[in-house]
2 protein chains.
Amino acid sequence: MSADGIGKLRVRLGEVTDLRAVASLLDWDEQTVMPPGGAEARANHQATLGRIAHERFVADEVGELLEQAATQVDLDSDDDDASLVRVARRRYRKERQVPADLKAEIAYSASEGQHIWRRSREKDDLQAALPALRRNVELARRYADCFGDGDPYDHLLDDYEEGTRGADVAALFDALKPELVGLARAIADRGDAGIEPLPGPFDVDRQRAFVRELLGHVGFDEQIWRMDEVAHPFLSPIALGDIRLTTRYTPATLDGALAALHEFGHGLYNGSVAPSLARTPLASSPSMGMDESQSRLWENVVGRSRPFASFVTPLLHKHFPDQLGDVDADRVYRGFNVVSPTLIRVSADEVNYSLHVILRFEIERDLITGALEVEGVAERWSELVGAYLGTEAPSDALGALQDVHWWVGLFGYFPTYALGTVMSLQIWDRLRSEYPVIDDDVATGNFAPLRAWLTDNIYSHGAKLTSMQLLERVTGGGLEAEPYLRYLREKFGTLYGLEATSASSAAT
Amino acid sequence: MSADGIGKLRVRLGEVTDLRAVASLLDWDEQTVMPPGGAEARANHQATLGRIAHERFVADEVGELLEQAATQVDLDSDDDDASLVRVARRRYRKERQVPADLKAEIAYSASEGQHIWRRSREKDDLQAALPALRRNVELARRYADCFGDGDPYDHLLDDYEEGTRGADVAALFDALKPELVGLARAIADRGDAGIEPLPGPFDVDRQRAFVRELLGHVGFDEQIWRMDEVAHPFLSPIALGDIRLTTRYTPATLDGALAALHEFGHGLYNGSVAPSLARTPLASSPSMGMDESQSRLWENVVGRSRPFASFVTPLLHKHFPDQLGDVDADRVYRGFNVVSPTLIRVSADEVNYSLHVILRFEIERDLITGALEVEGVAERWSELVGAYLGTEAPSDALGALQDVHWWVGLFGYFPTYALGTVMSLQIWDRLRSEYPVIDDDVATGNFAPLRAWLTDNIYSHGAKLTSMQLLERVTGGGLEAEPYLRYLREKFGTLYGLEATSASSAAT
């Protein structure tokens, strides 16, 4: 392809990338700073941007440029141009099948749904939020229908985890479920093992200062990052130089710090893509699962590790001298690793977390296939919370209303949280084998080599490879549950003094 | 025109209105919350949005819809549809003449210029900011060239004050100049008249709380308003329900409160347009001058009035008990009306303010016609500050770098500040004649009737009428300097104990 041809393609794709970054900024704005009265206009803004981005991406001219380019690059190569053509072409073919009006309706409905969700959650009124949920389910089904036959859920999932099918996820989750439930039960049966939360309450202003300092150590740079507070934390990567993370604080716990580390992981990934990929569709992670592998890695595998406890303990002494002035790193480690069936997914411990995800996956899959109506969500939620977490939700705000996803049209997104968790331990195993002094570096707050390894091996590639290709490049294989299960058994077996065999046998 | 036809037109114009609102939001974001590292990407975002909004507005189809519609409405009517067609058609014809690429270049350059300006201002380094200024001047000239012959400055001014020419402005300003200089000199010659600023310093956190409470009384509604702090205050009307004002605080003075009242005036106007005009090009004021008439009205004619001093004094007692616990309303009135040639336009008193504007107008007009090169700006600035304000600027940060306008490509905008000031007193005269108890209401903090009068007579019309049509409808005549000059002579003549005749004779 001529330099001019690829240049034209880059201009067209750059424009679409700009419009999507702007939509992402509008979403950030809506969730953090917009006055409530702006909601209606914002829904129009998002619908217009979504429609135009779609129209301009699926234009015939883009298709012609892509087809020309496809004959002139080596589509198996991972150089920038070839990857751009390969990935954009795949997305083009998929998006061509979706009418612009439907995209606009989805965008409008998501913007509206966000506000309905927020109000309903504040009032703990799931009933008031059901019409918006129904509408989003209908739109998701119409969207899935654009891609023809097959399981509609697969088409939705494909947007977040390309090439992965609902049945694959169900099989993985069916394998995880008894292991996780078994481990959680074994821990519950163990009774008091001296694993208690750190004693609060923690003044929210002090938490803000603590989290600021903590993030500064791991790599938060004021030149390119922002930090805000919202009801449901998220990360907005507006550009390589404009990464916006959010968290939320409650006085009772230090969960806000872990939520911030989680979003930091997303942000570090999206801000560390190779600059040569800026303003292209490759300037992000390849999938939500791979993205999540990095948020979970920073939140849990790093943030809840024993070495990290050594690093963070002096910071805790400094910011919370009254409550934590005399705790040692072992106590901090235990404090961040209490296993207990909390009702809130984002506050869940590592053992129960994936169970939260699995129950959402099972509900949303049934919503999409039509096996479950929106009126039945609350009841199904109760059943699954009982079966998987062994507890019950006293309110919808602590149940189906806790997450915004379904109200903004995100169906097929939830499972990526658990897929990412599984990947994070596969990646971590490889990282440790290549970087044996990682524990010492984390314990002393030297995070630069960790960032460098992750950037070189994962982040810098952006979306050039699919998540499965990238995982294979890094680990030499495909998705494997075993590193995750082994990690949990070893970590919590030791913490809770379980026999490795009993934890394992409880799971079978 | 068929309902379907006007419907199609509304859809097209609604989309363009959305894109422009989004651009305005991006600008707000850039100036208030964006991490510095986002600048390059933001310039691309703005260029893309600007180009697409332009392309979609000037599309042939829009022209056809407008021409069809023009034959089917009464173009002299001020009903919603007729006004929409009249105004959109006029703007369409103008914008058709501007190539999309030039619009994109202007948007990109404005975004880039903003950051260069901010850095240069912080370092007081005008030299470093000259290339960006030169580039913006060149782009403004190229823009003016799109409209053919005639004074290029007229074409720029027309964007902000439709139908007004540079020569008209120069004539008005030439009439104002000696009067204002004369009044300022008379006040200076009067020496100490006991008119002193309120004694500070004022803790910035206390100022924030004071301004919040003050704005709540005049009409700031948390449901639709935001308030942020920036180097150069501005107002972003994102939508009728999303109005974002900004101010800046310095401990030495309470100027931040007046800046907030100023931006509140802009916001009240743009938020009080009739809801039936939402998402159309009519959902704003008709011109920058008319818009400014309302910011100046709230800042000065209301905010620096003797009745307002009665209203605000108890608030000052409450928020600043140490400094202001024993001041009375007369003292507060004097404190907000010190006439002194400050170097900063936005902090200028009412007598000197328009002189700041006039000197910028004279410089920018010469930049655009080519009579002045950017290298000569600092010297010309010094000359005019000496001639009009009788003082000198010790630095460029307090001189040509104090305002962002030229660095974001706003040429032809400055004069509207003085035009608006002139209009504000014409409108005020009419308002007083129809609403004689205004002083009592302001003194007791009852601002609802004032808001209602302004909404009915001015704000609700949006951009249906041009500023001159609207002014004529409200006042029965055209632009008149006399109400403004009379107001100044009476107010400051009394405050400073000048003989009316001596102030007047000094001016001739």
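In this predicted model, helix α5 of chain A is followed by A:D124, a residue whose phi is positive, near 50°. That sign turns up here even though A:D124 is not a glycine. The residue sits in the loop between α5 and α6 (126-145) of chain A, and with a relative accessible area of 33% it comes out as partly exposed. A second case appears further along the chain: A:R279, again a residue other than glycine, has a positive phi near 60°. Its place is the loop between α10 (255-271) and α11 (288-302) of chain A, and a relative accessibility of 33% makes A:R279 partly exposed.

As for α5(A) itself, the helix covers residues 100-122, and its 23 residues should span 33 Å at 1.5 Å a residue; the end C-alpha atoms lie 34 Å apart, so the two figures agree. Its buried residues include A:A100, A:L102, A:A104 and A:A107 towards the start of the list, along with A:H115, A:W117 and A:S120. In general, an α-helix has 3.6 residues a turn, so residues three or four places apart point the same way.

Another helix of chain A, α8 (residues 166-190), holds A:K177. Is this lysine buried or exposed? Its relative accessibility is 15%, so A:K177 counts as buried. What does its side chain meet there? One polar contact, of 2.7 Å, links it to the side chain of A:E362, and another, of 3.1 Å, runs to the side chain of A:Y388. Setting aside neighbours within four places in sequence, A:K177 touches A:L355 and A:I358 as well as A:E362 and A:Y388.

The loop after α8 brings a cis peptide bond in each chain. In chain A, the bond from A:G200 to A:P201 is cis, with omega near -5°, and A:P201 belongs to the loop between α8 and α9 (204-218). In chain B, B:G200 and B:P201 are likewise joined by a cis peptide bond, with omega about -10°; B:P201 lies in the loop between α8 (166-190) and α9 (204-218) of that chain.

Over in chain B, strand β3 (residues 242-247) has 6 of its 6 residues buried, so the rest of the structure largely encloses it. B:D242, B:R244 and B:T246 point one way from the strand, while B:I243, B:L245 and B:T247 point the other way. On one hand, β3(B) runs parallel to β1 (residues 225-229), the two being joined by 5 bridges; here B:M227 has B:L245 as its bridge partner. On the other, β3(B) runs antiparallel to β2 (residues 235-239), with 4 bridges between them, and B:P237 is partnered with B:I243. With 2 residues between them, β2(B) and β3(B) make a hairpin.

That leaves the meeting of the two chains. Chain A and chain B bury about 2,800 Å² between them, and 60% of that is on carbon and sulfur atoms. Each side has its share in the contact, with 36 residues from chain A and 36 residues from chain B. Across the interface there are 14 residue pairs in polar contact and 8 salt bridges. One of the salt bridges joins the side chains of B:R56 and A:E55, at 3.1 Å from N to O. On the side of chain A that touches chain B, the elements giving two or more residues are α1 (3-32), α2 (39-57), β1 (225-229), β2 (235-239) and β3 (242-247). Of these, α2(A) gives the most, with 10 residues.

Key
Residues numbered from 1 in each chain as written. Chains lettered and ligands numbered in written order. Predicted model: local features only at pLDDT ≥ 70, side-chain atom pairs only at ≥ 80, totals over all residues. Heavy atoms only, no water. Buried < 20%, exposed > 50% of the residue type's maximum accessible area, 1.4 Å probe, protein only. Pairing = 2+ DSSP bridges. Polar contact = N/O pair within 3.5 Å; in protein donor to acceptor, adjacent residues only side chain to side chain. Contact = heavy atoms within 4.5 Å. Expected span 1.5 Å × (residues − 1). Buried area = accessible area lost by both parts, 1.4 Å probe. Salt bridge = Lys/Arg side-chain N within 4 Å of Asp/Glu carboxyl O.
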